[in-house]
Amino acid sequence: MQRNRLEVFGYISAKPALRYLPSGTPVANVRLGESYLYQDADGKPQQHTNWHNLSFYGDLSRVAATFEKGDNIFIEGTIEQRQFTPKADGVQRIVHEVVVRSCHLIAAPRGAAARASVAATSEEPPIPDLQRGATDHDGWPVG
């Protein structure tokens, strides 16, 4: 059995570029960075960032066009390899990219005003009383 599936959380490097294929299908392209921390042989903390080329097709391209640089997103997709020859130099190139099948914005609303208004109007949810048992969103006992 074979499977080609990738799930990545990361930050968008720039505003996605929206273009159209000759068929009229919209496509948005952007790079996503995901980092991890590790310790080197000397015990010093190090950080490494992997960069992924993302392609959003169809309706997802319109969703991607709303993203801004620095947005934290979760994507699920497949890794694909394609070859092309640019007209500029005529040298064939191979590109690996993630064709996004689904995506979700993780971060809070952008902008200081949006964050301030959310912070001013939001209340922290009450801590559940574990002695009483679990309840649903209306306060009814569950289980």
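In this predicted model, the side chains of Glu7 and Arg5 meet in a salt bridge, with 2.6 Å from nitrogen to oxygen. Neither partner is hidden from the surroundings: Glu7 is partly exposed, with a relative accessible area of 46%, and Arg5 is partly exposed as well, with a relative accessible area of 48%. The pair also belongs to something wider, since salt bridges that share partners join Arg5, Glu7 and Glu76 into one network.

The structure holds seven salt bridges, and the table sets out three of them with their N to O distances.

| Salt bridge | Distance, N to O |
|---|---|
| Glu7 and Arg5 | 2.6 Å |
| Asp59 and Arg62 | 3.6 Å |
| Arg101 and Glu80 | 3.6 Å |

How far apart along helix H1 are Asp59 and Arg62? They are three residues apart in that helix, which means that about one helical turn separates them. Asp59 counts as exposed, because its relative accessibility is 65% and the cut-off for exposed is over 50%, whereas Arg62, with a relative accessible area of 46%, is partly exposed.

The salt bridge between Arg101 and Glu80 links distant parts of the chain, for Arg101 lies in strand E6 and Glu80 in strand E5, 21 residues apart. Arg101 is partly exposed, with a relative accessible area of 45%, and Glu80 also counts as partly exposed, at 36% relative accessibility.

**Strands and their pairing**

The two strands that carry this last salt bridge are also paired with each other: E5 and strand E6, which covers residues 93–105, run in the antiparallel sense over 12 bridges. Within this pairing, Thr78 stands opposite Val99 in E6. Strand E5 has a further partner in E1, and here too the pairing is antiparallel, this time over six bridges. As an example from this second pairing, Val8 has Ile75 in E5 as its bridge partner.

**Aromatic pairs**

There are three aromatic pairs in the structure. In one of them, the rings of Phe9 and Phe74 have their centres 4.7 Å apart and their planes at 45°, so the pair is tilted. Because Phe9 lies in strand E1 (residues 6–12) and Phe74 in strand E5 (residues 72–84), this pair ties together parts that are 65 residues apart in sequence. Are Phe9 and Phe74 buried or exposed? Phe9 is exposed, with a relative accessible area of 53%, while Phe74, at 14% relative accessibility, counts as buried.

Tyr36 and Tyr38 form another tilted aromatic pair, with 6.0 Å from centre to centre and 40° between the planes. Tyr36 counts as partly exposed at 41% relative accessibility, and Tyr38 likewise counts as partly exposed, at 38%.

**A buried residue in helix H1**

The helix that holds Asp59 and Arg62 also contains Ser61, and this helix covers residues 59–64. Ser61 is buried, because its relative accessible area is 0% and the cut-off for buried is under 20%. Which residues does Ser61 contact, once its neighbours within four places in sequence are left aside? They are Leu18, Pro26, Val27, Ala28 and Phe56. For one of these, Ala28, the separation in space can be set beside the separation in sequence: the C-alpha atoms of Ser61 and Ala28 are separated by 4.9 Å, although the two residues are 33 residues apart along the chain.

Methods: Residues numbered from 1 in each chain as written. Predicted model: local features only at pLDDT ≥ 70, side-chain atom pairs only at ≥ 80, totals over all residues. Heavy atoms only, no water. Helix = DSSP H or I, 4+ residues; strand = E, 2+ residues; numbered from the N terminus. Buried < 20%, exposed > 50% of the residue type's maximum accessible area, 1.4 Å probe, protein only. Contact = heavy atoms within 4.5 Å. Phe/Tyr/Trp six-rings, centres within 6.5 Å; stacked < 30°, edge-to-face > 60°. Pairing = 2+ DSSP bridges. Salt bridge = Lys/Arg side-chain N within 4 Å of Asp/Glu carboxyl O.
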